[in-house]
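Reader: I am looking at this entry for the first time and would like to be guided through it with care. Could we take it part by part?

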Amino acid sequence: MATVEETVVGGIADQDLLDRIIAEQAGRPGALLGILQRLQDQSPNKYLPMDRLEYVARRTGIPQSQVFAVASFYALFNLEPQGDHIVAICRGTACHTRGSRPLLERVKLQLGLRDPEAEGADKVSLTTPDLRFTVRTVACFGQCALAPVVEVDHAIRGHVSEQGLIREVEQLRKDSSR
């Protein structure tokens, strides 16, 4: 019979991985950030499920509220499953004035993403139901001279046009359907 902790984290292999990551970071400055980063990197769909955050809290003795506060504060952490392909659109001032809003709206339309709660919001993170794409906004990439800037699967693109972004996303769709 599985222990409660095995059930909570999805099995003995997950528990062993979590324990190993926690042990590697123990005693280091910023250990919680390191633990969460490693857990997210090891997680399918690159996110931190609530059961894993709760497990980290129990194992480290850090209050659950603090673990959740850290995971929800930093933009690099995801609390929802992420798509296989990430399209991140800069919403900083330079990118905004050079057309990042239409880029965001166009790629959302292209992928059929709609979230009434996020309409008009500058902070967006939407994932297609098939988990193939996540579209998100970021405050700034620090590449203002290249505005508007988009990051596609960790590759920065500058001076992005709607047509160029549409083509790139369509190519990713074709490549990932093979």
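**Cores, a helix and a sheet**

Reader: Which residues is Leu-32 in contact with, leaving aside its neighbours within four places in sequence?

Author: Contact here requires heavy atoms within 4.5 Å. With the neighbours within four places in sequence left aside, the partners of Leu-32 are Val-56, Ile-62, Gln-66, Val-67 and Val-70.

Reader: What pLDDT must side-chain atom pairs have in order to count?

Author: Residues are numbered from 1 along each chain as its sequence is written, and side-chain values use heavy atoms, with hydrogens and water left out. This is a predicted model, in which totals for chains, interfaces and linings use all residues, local features need pLDDT of at least 70, and side-chain atom pairs count only at pLDDT 80 or more.

Reader: Which elements give two or more residues to the largest nonpolar core?

Author: A nonpolar core is a set of buried Ala, Val, Leu, Ile, Met, Phe, Trp, Tyr and Cys residues joined through side-chain atoms within 4.5 Å, where buried means under 20% relative accessible area, exposed over 50% and partly exposed in between, with a 1.4 Å probe and protein chains only. The largest such core has 18 residues, and Leu-32, Leu-36, Leu-39, Leu-48, Val-56 and Val-67 have the most contacts inside it. Helices (H or I, at least four residues) and strands (E, at least two) are DSSP runs numbered from the N terminus, and those giving two or more residues to this core are α2 (12-25), α3 (31-42), α4 (50-60) and α5 (64-73).

Reader: How many residues does the second, separate core have?

Author: Among the members of this second core are Leu-103, Leu-113, Leu-126 and Phe-133. Of these, Leu-103 is one of the buried residues of α7. The second core is separate from the other and has 17 residues.

Reader: Which elements do the buried residues of α7 pack against?

Author: Helix α7 (residues 100-111) has 12 residues and spans 17 Å from its first C-alpha to its last, close to the expected 16 Å, a figure found as 1.5 Å times one less than the number of residues. Its buried residues include Ser-100, Leu-104, Val-107 and Leu-111. They pack against β1 (85-90), α6 (93-97), β2 (125-127), β3 (133-138), β4 (150-152) and α8 (162-176).

Reader: Do β1 and β4 run parallel or antiparallel?

Author: Two strands pair if DSSP finds at least two bridges between them. Strand β1, in which 6 of 6 residues are buried, is joined to β3 by 6 bridges in a parallel arrangement. The link from β1 to β4 has 3 bridges, with Ile-89 partnered by Val-150, and these two strands run antiparallel.

Reader: How far from Glu-151 is Arg-136?

Author: Glu-151, in strand β4, touches Ile-86, Val-87, Ala-88, Phe-141 and Ile-156, not counting residues up to four places away in sequence. Although buried, Glu-151 has no salt bridge, which would need a side-chain nitrogen of Lys or Arg within 4 Å of a carboxyl oxygen of Asp or Glu. Its nearest side chain of opposite charge (Lys and Arg count as positive, Asp and Glu as negative, and His and the chain ends are not counted) is Arg-136, at a distance of 6.2 Å.

Reader: Why does His-154 count as exposed?

Author: His-154 lies in the loop between β4 and β5 (155-157) and has a positive phi of about 70° although it is not a glycine. His-154 counts as exposed because its relative accessibility is 70%.
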